[in-house]
Structure formats: C-alpha cells, structure tokens
Amino acid sequence: MMFAVLPIIKVFTMCFMGFLMATKYVNILQASGRKLLNGLVFTLLLPCLIFSQLGRAVTLEKMLQWWFIPFNVVLATISGSIIGLIVATIIRPPYPYFKFTIIHIGIGNIGNIPLVLIAALCRDKSNPFGDSEQCNEMGNAYISFGQWVGAIVLYTYVFQMLAPPPGGFDAEEPQLPTKAISTDAPPEQQQPLLAPQEPETKNEDISKRGKIMDMLCFLYEKLRLKQILQPPIIASVLAMVIGSIPFLKRLIFTDDAPLFFFTDSCIILGEAMIPCILLALGGNLVDGPGPGSKKLGFRTTAAIIFGRLVLVPPAGLGIVTLADKLGFLPAGDKMFKFVLLLQHTMPTSVLSGAVASLRGCGKEAASVLFWVHIFAVLSMSGWIVLYLAILF
C-alpha cells in the first residue's frame with residue numbers, strides 16, 4: 001500500500017505546486033509560460049531522458065527480449081478501442097462524438113506519466129524493485145522502448161478516427177464545401193470550389209520526377225512522417241541504434257567513454273523533465289475543464305472516465321497475464337511486467353488532445369483530459385496496489 005500510494009502522492013504534490021504557481025495569487029506560471037515549459041519538456045528534456053536511459057540499458061539482445069513492449073502498446077490500443085466501441089454503443093454520445101469517445105477510452109498515456117511514476121517509485125531506496133538507480137534506468141528504458149509505436153498509432157489511427165464529420169464538430173465553425181453548389185453565393189465564396197484544378201498542376205510536376213520520388217512523396221504525406229518524427233521518437237530511435245552497436249555504445253554511453261560528457265549532459269537535463277512536466281500539468285488545471293464539457297454532456301464525459309480508468313485496466317491485466325503464461329515475457333523480471341501493466345492503466349494520452357486540436361475538437365478533448373487526470377489520481381493508486389500485490 002505504501003509503495004503504491006506514495007508515488008501518486010508525490011505526483012499530486014508537485015502538480016499542486018504548479019497549480020499554485022498558476023493561480024492569480026502567485027501568477028508566475030501564466031498560460032504563455034506553461035506553453036513554453038511544455039515545449040521545452042517535449043523538445044529537449046524528454047528526448048534527453050529517453051536517449052540517456054534507453055541508450056545505456058538497451059542492447060541488440062535485449063531488444064529481441066523486449067519485443068512484447070511495443071506489441072503490448074498495439075494490444076492496449078486494440079483492447080481499449082473495443083471497450084470504447086462497446087461503451088459508445090451503449091451510451092450513444094452526441095452525433096459528432098461517437099469516434100471521439102472510442103479514441104479517448106482506447107488511447108492511454110504510455111510515456112510521460114509512467115516515467116513520472118517510475119521515478120517517484122524508484123526514488124525510495126527501499127522500493128520493491130531493488131537498487132534505486134537500476135530500478136529507474138530499467139523502468140525508463142522499458143517505457144521509452146514503446147514510445148515510438150505510440151507515436152505511430154497517434155498520428156495514423158487516432159488522426160483518422162478523429163476526422164471531423166460533415167459539417168464539423170461545431171456548427172458555428174466554417175463548414176467544408178459540399179457537392180451541391182449554391183448559385184446564390186457571391187463569387188468570393190465560390191472561389192474555393194475552383195481548387196480541383198490544382199491536382200492537374202501537381203500531377204504535371206510529379207510526372208517529371210521519377211517513380212521512386214513519386215512513391216516517397218506519397219508515403220511521406222500518407223503516413224504523416226513529419227508528425228511521427230517528433231523529438232522523443234527520434235531520441236528513441238537513436239538510442240536503440242547506438243545502444244545495439246557495441247562500438248558506438250562504448251564510444252558514447254559507457255562511463256569511461258570518450259563522448260560520455262554528452263550522455264552525462266543528457267542525464268542532467270533529463271532529470272529536470274519530471275518536475276517541469278508536473279508543474280506544467282498542475283498549472284494547466286487552473287483553467288478548469290473549459291467549455292468543451294457542455295458539448296459532450298455529463299453522460300459522455302462520465303462514460304469516458306469510467307471506461308478508461310475502470311474497464312480498460314482489467315483487460316490489460318488479462319493480456320499481460322496470458323502473455324506471461326505463454327512465455328512471451330522475460331522470466332523473473334517484475335519491472336518488465338509492471339511497466340506493461342502501467343501501459344493499460346494510464347489516463348487518456350495528452351498527445352491525443354494535440355491531435356484533437358488539429359481535427360477541430362480540441363476544447364472537448366481538453367475537458368476530457370482534465371476530468372480523466374483528476375480521477376486518475378484515485379484509480380492509479382488502486383490499480384498499482386493490486387499490481388504490486390500480484391507481482392510480490
């Protein structure tokens with residue numbers, strides 16, 4: 001009970017500090033400051049943490065042993081989406097938000113919050129996983145190893161599922177042109193309908209290139225590689241590549257390596273990720289759920305919270321237990337199993353809110369993320385108590 005609840009209390013305390021700094025009484029973490037802090041975490045501090053921890057822990061042999069971590073992310077998405085589909089079918093959310101409900105139940109935070117929880121848990125020298133430094137390094141490596149799959153899922157599956165229906169999520173927002181052309185509309189409004197002429201020009205340009213360039217451009221646009229290749233994902237790939245090549249690993253990651261000063265600098269910067277992201281998260285709570293709650297309604301919001309925090313974790317526990325019995329998991333590695341279980345237990349991914357903003361339902365996503373993270377403080381404590389009881 002102590003080791004399950006204490007990390008949550010530490011996280012809550014740091015979030016409260018951020019909330020306090022953002023209130024009108026202190027007013028240090030203003031909205032612009034929180035935006036800059038989030039950008040700093042995402043662009044620099046989190047990639048440094050991933051690069052230093054994953055690179056030092058990973059080898060080619062371990063990557064083959066850890067294959068179930070990215071596969072577990074895919075299974076978590078599939079099982080969570082199935083549960084989301086069942087919940088959405090039962091409660092029947094407002095028309096534009098059926099797929100929205102499925103996604104916000106099915107997509108969990110597999111990166112930031114698990115990293116925070118592992119750091120808070122391993123900080124105690126008497127933690128059940130053993131040596132604090134080894135516990136922290138391996139836990140972070142396991143979590144980071146699955147992040148690249150999560151990014152691909154977000155910017156492909158989630159992006160497509162959150163596509164706005166005809167008319168958009170908000171009736172007040174400008175709607176896309178329909179097939180029926182209004183003859184009464186002024187010329188300025190009819191002008192966008194001339195856009196179909198553009199593909200002809202593009203086709204002429206593309207035809208001048210080779211077939212290889214044509215295919216590469218198509219894949220780049222279709223797979224949205226620009227969105228997928230974010231700094232944390234680049235750091236994960238670099239860490240896996242360098243860590244799996246013994247010569248490069250001895251050159252960069254070992255304590256007596258010629259270039260270890262770079263890795264040590266990343267370790268120092270990575271340690272700042274945890275407090276910074278929690279301060280920013282706590283500061284964001286000062287704005288409350290926002291106007292998105294009214295559009296979703298109490299019933300839909302409550303169903304998403306219940307589905308994500310109560311229904312999804314038991315399915316994840318079943319998946320991990322079955323995988324363990326089938327011999328897919330490293331024998332005796334309790335941290336490995338714990339990280340897999342955490343991937344099914346976290347609240348809705350914050351990055352899904354970023355994708356929702358691109359698709360025109362950012363306010364609704366912000367409301368869901370607010371309430372899910374509030375109630376996750378209680379749910380995560382309960383599930384971690386159960387997991388530790390099963391593992392130990």
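## Close-up views of the predicted model

**View A. Asp255, an exposed residue with a relative accessible area of 56%, shown with its salt-bridge partner Arg56.** The model is a predicted one, and the distances and accessibilities in these legends are computed from it. The closest N and O atoms of Arg56 and Asp255 are 2.7 Å apart, and the two residues form a salt bridge. Arg56 belongs to helix 2 (residues 31-57), whereas Asp255 sits in the loop between helix 14 (246-252) and helix 15 (260-271), so the contact ties together parts of the chain that are 199 residues apart in sequence. Arg56 counts as partly exposed, because its relative accessibility is 23%, a value that falls between the 20% and 50% limits.

**View B. The salt bridge between Glu364 and Lys295.** In this pair the closest N and O atoms lie 3.8 Å apart, which is within the 4 Å allowed for a salt bridge. The contact links distant parts of the chain, with Glu364 in helix 20 (residues 362-391) and Lys295 in helix 17 (residues 292-325), 69 residues apart. Glu364 is buried, at 1% relative accessibility, while Lys295 is partly exposed, at 31%.

**View C. The salt bridge between Asp324 and Lys337.** Here the closest N and O atoms are 3.0 Å apart. Asp324 lies in helix 17 and Lys337 in helix 18 (residues 334-343), so this salt bridge ties together parts that are 13 residues apart in sequence. Asp324 is partly exposed, with a relative accessibility of 31%, and Lys337 is buried, with a relative accessible area of 17%. The count for the structure comes to 3 salt bridges.

**View D. The disulfide formed by Cys122 and Cys135.** The sulfur atoms of these two cysteines are 1.8 Å apart, and a search of the whole structure finds 1 disulfide. The link is left-handed, with -55° about the S-S bond. It joins distant parts of the chain, since Cys122 is in helix 6 (residues 112-122) and Cys135 in helix 7 (residues 132-145), 13 residues apart. Both ends are buried: Cys122 has a relative accessible area of 2%, and Cys135 has one of 4%.

**View E. Cys48, a cysteine that is in no disulfide, and Cys266, whose sulfur is the nearest cysteine sulfur to that of Cys48.** The two sulfur atoms are 4.0 Å apart, which is too far for a bond, because a disulfide requires cysteine sulfur atoms within 2.5 Å. Cys48 is buried, with a relative accessible area of 8%, and Cys266 likewise counts as buried, at 6%.

**View F. Helix 8 (residues 147-161), with a kink centred on Leu154.** Helix 8 has 15 residues and reaches 20 Å from its first C-alpha to its last, close to the 21 Å expected, and the kink amounts to about 30°. Leu154 is one of the buried residues of helix 8, which also include Gln147, Val149, Gly150, Ala151, Val153 and Tyr155.

**View G. A nonpolar patch on the surface.** The patch is formed by Trp67, Phe71, Val74, Ile78, Ile82, Ile86, Ile90, Leu322, Leu326 and Phe328, which together have about 940 Å² of accessible area. Helix 4 (residues 68-91) gives the most to this patch, with 6 residues. Ile82 lies in helix 4 and counts as partly exposed, at 46% relative accessibility.

How values were computed:
Residues numbered from 1 in each chain as written. Predicted model: local features only at pLDDT ≥ 70, side-chain atom pairs only at ≥ 80, totals over all residues. Heavy atoms only, no water. Patch = residues over 30% accessible without salt bridge, like charges linked within 9 Å, V, L, I, M, F, W, Y side chains within 5 Å. Areas by Shrake-Rupley, 256 points an atom, 1.4 Å probe, with all protein chains shown as cover. Salt bridge = Lys/Arg side-chain N within 4 Å of Asp/Glu carboxyl O. Helix = DSSP H or I, 4+ residues; strand = E, 2+ residues; numbered from the N terminus. Buried < 20%, exposed > 50% of the residue type's maximum accessible area, 1.4 Å probe, protein only. Expected span 1.5 Å × (residues − 1). Bend = angle between axes of the 7 residues up to and from the residue.
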